[in-house]
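Here are some exercises to work through with the model open on your screen. Try each task before you read its solution.

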Amino acid sequence: MKTIGVLTSGGDAPGMNASIRSVVRTAIYNGIKVVGVKKGYDGLINGNLEEMGLSSVADIIHRGGTKLRTARSEEFKTEKGRKKALNILKVFDVDGLIVIGGDGSFRGAKELSKLGVPTIGIPGTIDNDLGYTDYTIGFDTAINTVLDAISKIRDTSTSHGRANIVEVMGRSSGDIALYSGLAGGAESVIIPEVGNDVDEVCQKIIKGRNRGKLHSIIMLAEGIGKADELSKEIESKTGIETRVTILGHIQRGGSPTAFDRILASKMGSEAVKLLLSGESGKAVGIKDNRIINMDIDEALNVESKLDKDMYELTKILSI
Ligand code: ADP
């Protein structure tokens with residue numbers, strides 16, 4: 001293996017840059033040339049490749065977003081599109097590819113590895129929705145961003161005696177809502193894995209008010225319902241003014257936390273080592289604080305499960 005490629009794909013996540021830096025520096029340390037592919041699989045199909053030297057990744061470990069940019073590519077989902085990508089890799093003499101992204105990007109990586117390109121996946125997504133790994137790069141930064149928002153919302157909710165619904169990202173995984181809800185002392189956490197029991201939420205708000213609580217924070221994962229409709233229902237059932245804050249893309253940005261930078265650095269380095277040892281079609285992860293790897297196929301089949309104990313704890317502590 002003389003040259004490897006690296007790309008970021010799908011939704012961006014803080015820490016992707018730290019991961020790119022780790023891939024580039026580990027490869028060069030091992031005498032391997034690195035080319036960066038701009039704009040994910042779309043850039044790969046269109047030959048948007050550039051060699052990356054040591055200093056190309058200077059001053060990015062602390063930056064959110066991705067220096068290589070990201071994109072979604074419908075064309076890459078077709079056999080024809082992937083053949084184009086394969087030809088580009090041949091033209092640029094790229095012997096192996098590291099893909100940093102979420103489950104969609106991993107499906108793409110798996111297809112490339114089937115075509116004979118040694119490919120390794122690094123989980124970069126704020127959603128923490130890949131079951132084979134305890135954490136994905138960007139999740140820790142996202143929950144800290146949400147936590148900061150909760151603290152601010154709590155101040156103003158207390159002043160006015162309001163309830164506040166905080167809608168966060170997570171279509172199929174409630175981890176952002178759950179982790180930030182526990183850390184932020186939320187009264188209720190509504191997530192797709194459990195469902196929405198509005199009466200239970202209302203009961204909590206009323207009980208809280210009756211014992212003198214001045215605010216209620218309700219965490220809502222985007223996959224489980226509309227915040228506006230929920231606020232109206234809560235207002236009509238409790239008589240308590242209920243405001244909505246939708247955090248949106250603020251959750252995707254910002255300087256990565258120490259946890260995400262370290263995770264990204266370890267995973268980037270592991271991905272290069274896997275390519276150098278002749279592996280292909282593997283996903284890097286972290287399990288019980290140890291860096292692991294698994295067949296991408298197998299990894300994609302591991303269901304992303306709710307931490308039930310943590311969910312119960314959130315309920316107990318907001319009694
Ligand atoms: P994420 O990686 O964040 O989950 P997406 O699901 O949008 O984001 O996937 C990113 C890109 O990966 C897609 O735009 C597409 O190019 C590629 N991709 C997704 N699913 C497949 C698939 N089944 N086969 C090949 N490529 C795929």
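**Exercise 1. Contacts of the ligand**

Task: Find how far an oxygen atom of the ligand is from an N or O atom in the side chain of Asp103, then look for other polar partners of the ligand.

Solution:
- Start with Asp103. An N or O atom in its side chain is 3.0 Å from an oxygen atom of the ligand. The model is a predicted one, and this distance falls within the 3.5 Å cut-off for a polar contact.
- Go on to Arg72. Here an N or O atom of the side chain and a ligand oxygen are 2.5 Å apart.
- Now check Gly11, where the partner is a polar backbone atom, 3.1 Å from an oxygen atom of the ligand.
- Next, ask how much of the ligand gets covered. On its own the ligand exposes 550 Å², and the protein buries 81% of that.

**Exercise 2. The shell around the ligand**

Task: Work out how many residues surround the ligand, which helix gives the most to the shell, and what the shell is like by class.

Solution:
- Count the neighbours: the ligand is surrounded by 16 residues, and the closest are Arg72, Ser73, Gly102, Asp103 and Ser105.
- Sort them by class. You get eight polar, six charged and two nonpolar residues.
- Look for the main contributor. That's helix H4, residues 103-114, which puts six residues into the shell.
- Place Asp103 again: this ligand contact is found in helix H4.
- Finally, look at the space itself. The largest pocket is the space taken by the ligand.

**Exercise 3. Buried, partly exposed or exposed?**

Task: Decide whether Asp103, Lys266, Ser318 and Lys77 are buried, partly exposed or exposed.

Solution:
- Get the cut-offs straight: buried is under 20% relative accessible area, exposed is over 50%, and partly exposed is in between.
- Asp103 has a relative accessible area of 32%, so call it partly exposed.
- Lys266 sits in helix H9, residues 258-276. Its relative accessibility is 43%, so Lys266 is partly exposed too.
- Ser318 comes in the segment after helix H11 (308-317). With 6% relative accessibility, Ser318 is buried.
- Lys77 is in the loop that runs between strand S3 (49-51) and helix H3 (79-91). At 61%, Lys77 is exposed.

**Exercise 4. The side chain of Ser318**

Task: Find which backbone oxygens the side chain of Ser318 reaches.

Solution:
- One is the backbone oxygen of Thr314, at 2.9 Å.
- Another belongs to Lys315, and the distance there is 3.2 Å.
- Put that with the accessibility: Ser318 is buried because its value is 6%.

**Exercise 5. Positive phi in a loop**

Task: Look at the loop between strand S10 (282-287) and strand S11 (290-295). What are the phi values of Asp288 and Asn289?

Solution:
- Take Asp288 first. Its phi is near 50 degrees, which is positive in a residue that isn't glycine.
- Then Asn289, another residue other than glycine with a positive phi, near 70 degrees. Asn289 also lies in the loop between S10 and S11.
- Check the surface. Asp288 counts as exposed because its relative accessibility is 66%, and Asn289 is exposed at 64%.

**Exercise 6. Sequence distance and space**

Task: For a few residue pairs, set the separation along the chain beside the C-alpha distance, starting with Gly64 and Gly138.

Solution:
- Gly64 and Gly138 are 74 residues apart along the chain, and their C-alpha atoms are separated by 9.1 Å. Gly64 belongs to the loop between S3 and H3, and it is partly exposed, at 31%.
- Now try Lys77 and Arg63. They're 14 residues apart along the chain, with 30 Å between their C-alpha atoms.
- Lys266 and Arg243 are 23 residues apart in sequence, and C-alpha to C-alpha you get 41 Å.
- Wrap up with Asp103 and Thr158: 55 residues along the chain, and 39 Å between the C-alpha atoms.

Conventions: Residues are numbered from 1 along each chain as its sequence is written. This is a predicted model: local features need pLDDT of at least 70, side-chain atom pairs count only at pLDDT 80 or more; totals for chains, interfaces and linings use all residues. Side-chain values use heavy atoms; hydrogens and water are left out. A residue is near a molecule or strand if one of its heavy atoms lies within 4 Å of it. A polar contact is a pair of N or O atoms within 3.5 Å; within protein, one must be able to donate a hydrogen and the other to accept it, and residues adjacent in sequence count only if both atoms are side-chain atoms. Accessible areas come from the Shrake-Rupley method with a 1.4 Å probe; for residues, only the protein chains shown count as cover. On a 1 Å grid over the protein atoms alone, a cavity is a set of points where a 1.4 Å probe fits but cannot get out, and a pocket is an open set with protein on both sides within 12 Å along at least five of seven lines; lining residues have an atom within 4 Å of a point. A molecule sits in a cavity or pocket if more than half of its atoms lie within 2 Å of its grid points. Helices (H or I, at least four residues) and strands (E, at least two) are DSSP runs, numbered from the N terminus. Ala, Val, Leu, Ile, Met, Phe, Trp, Tyr, Cys and Pro count as nonpolar, Asp, Glu, Lys and Arg as charged, and the others, Gly among them, as polar. Buried means under 20% relative accessible area, exposed over 50%, partly exposed in between (1.4 Å probe, protein chains only).
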